[in-house]
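I open this notebook to record, entry by entry, what I looked up in the structure shown below.

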Amino acid sequence: MLISQNAMVEVDKLKQSPRYGESLFSAISVGFLFVLVGAIFVTTPNLFEGISAFFRDFDLVRVPNQPGWLLPAPASPRLHSVVYAAVEQFSYALGLFQIVVLALRFVARSPGSKKAENVSNLVFWLGTGFLTRTLLIETTRWFVFWAGIIMLIGVSLIIRAIILAAGRALGLL
């Protein structure tokens with residue numbers, strides 16, 4: 001009986017701890033990721049074949065405007081619209097999920113650093129969806145897409161830093 005009472009006390013402590021709430025967000029996020037990947041595979045015809053063809057098509061390709069530079073890329077990038085569409089769907093869905101998680105973080109009174117991380121992730125995933133649509137699906141500019149992703153990573157980190165700095169300056173963090 002003493003062991004079960006001690007266990008109950010520990011469970012109550014765990015529920016009251018901020019780490020418990022954050023681990024719930026992590027579990028929900030991982031679960032959503034699995035559901036999302038499964039849903040995309042179920043709803044996208046020929047995605048397995050498209051991914052396989054995408055990776056088989058990789059070759060060393062000359063980088064535009066860079067004489068002598070060869071980097072791995074699809075030799076025929078326009079042939080992989082099924083894969084690009086799946087990446088776009090994944091990115092937008094994950095971005096929208098970040099909005100939901102951010103709202104839940106405000107309700108749960110999560111630390112400001114976690115909210116800043118969510119906003120940064122939100123910008124990254126919605127931006128990735130936009131770049132996928134404009135640079136891979138509509139125009140198929142492989143190397144420009146990757147340059148955009150690198151810039152988007154930088155923008156996401158800057159946004160996180162601005163939110164953290166503003167929160168500290170205002171005494172919110």
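Before listing partners for any residue, I note that contact here means heavy atoms within 4.5 Å. I also note at the outset that this is a predicted model.

**Entry: Thr132**

I began with Thr132, which is found in helix α5, and asked whether Thr132 is buried or exposed. Thr132 counts as buried because its relative accessibility is 0%, and the cut-off for buried is under 20%. Leaving aside the neighbours within four places in sequence, I found Thr132 in contact with Tyr84, Val87, Glu88, Ile137 and Phe145.

**Entry: the chain as a whole**

I then stepped back to the fold and counted six helices and two strands in the protein chain, with the elements running α-α-α-β-β-α-α-α from the N terminus on. Of the 173 residues in the protein chain, 29% are buried. The chain exposes about 11,300 Å², and carbon and sulfur atoms supply 70% of that area. Taking contacts between residues at least 6 apart in sequence, I noted that 63% join residues at least 24 apart.

**Entry: nonpolar cores**

Which residues make up the largest nonpolar core? I listed twelve: Phe54, Ala73, Val83, Tyr84, Phe124, Leu131, Leu135, Leu136, Trp142, Phe145, Ile149 and Leu152. Helices α4 (81-108), α5 (112-137) and α6 (142-169) each supply at least two residues of this core. Apart from this core lies another, of nine residues, among them Leu36, Leu47, Leu94 and Val101.

I looked up one member of the largest core, Leu135, separately; with its neighbours within four places in sequence left aside, Leu135 is in contact with Thr140, Arg141, Val144 and Phe145.

**Entry: aromatic pairs**

A pair of aromatic rings is described by the distance of the centres and the angle of the planes, and I recorded both values for the pairs below. The count for the chain comes to twelve aromatic pairs. Phe54 and Phe58 form one that is edge-to-face, at 5.1 Å centre to centre and with 85° between the planes. Phe54 is buried at 8% relative accessibility, whereas Phe58, with a relative accessible area of 29%, is partly exposed.

The rings of Phe54 and Tyr84 have their centres 6.3 Å apart and their planes at 85°, so I entered this pair as edge-to-face too. The pair links distant parts of the chain, with Phe54 in helix α3 (residues 47-56) and Tyr84 in helix α4, 30 residues apart. Both Phe54 and Tyr84 are buried.

Following the ring pairs further, I found that they link Phe54, Phe55, Phe58, Tyr84, Trp142, Phe145 and Trp146 into a cluster.

**Entry: a charge over a ring**

I also checked Phe25, and noted that Arg105 lies over the face of its ring, at 4.4 Å from the ring centre.

**Entry: Gln98**

What, leaving aside its neighbours within four places in sequence, is Gln98 in contact with? Gln98 is found in helix α4, and I entered it as buried because its relative accessible area is 10%. On the question of partners, I found Gln98 in contact with Asn118, Asn121, Leu122 and Trp125. I looked up one backbone distance as well: the C-alpha atoms of Gln98 and Val123 are separated by 9.1 Å, the two residues being 25 residues apart along the chain.

Definitions and conventions: Residues are numbered from 1 along each chain as its sequence is written. This is a predicted model: local features need pLDDT of at least 70, side-chain atom pairs count only at pLDDT 80 or more; totals for chains, interfaces and linings use all residues. Side-chain values use heavy atoms; hydrogens and water are left out. A nonpolar core is a set of buried Ala, Val, Leu, Ile, Met, Phe, Trp, Tyr and Cys residues joined through side-chain atoms within 4.5 Å. Buried means under 20% relative accessible area, exposed over 50%, partly exposed in between (1.4 Å probe, protein chains only). Helices (H or I, at least four residues) and strands (E, at least two) are DSSP runs, numbered from the N terminus. Rings of Phe, Tyr and Trp (its six-membered ring) pair if their centres lie within 6.5 Å; planes under 30 degrees apart count as stacked, over 60 as edge-to-face and the rest as tilted. A charge sits over a ring if NZ of Lys or CZ of Arg is within 6 Å of the ring centre and within 35 degrees of the ring normal. Accessible areas come from the Shrake-Rupley method with a 1.4 Å probe; for residues, only the protein chains shown count as cover.
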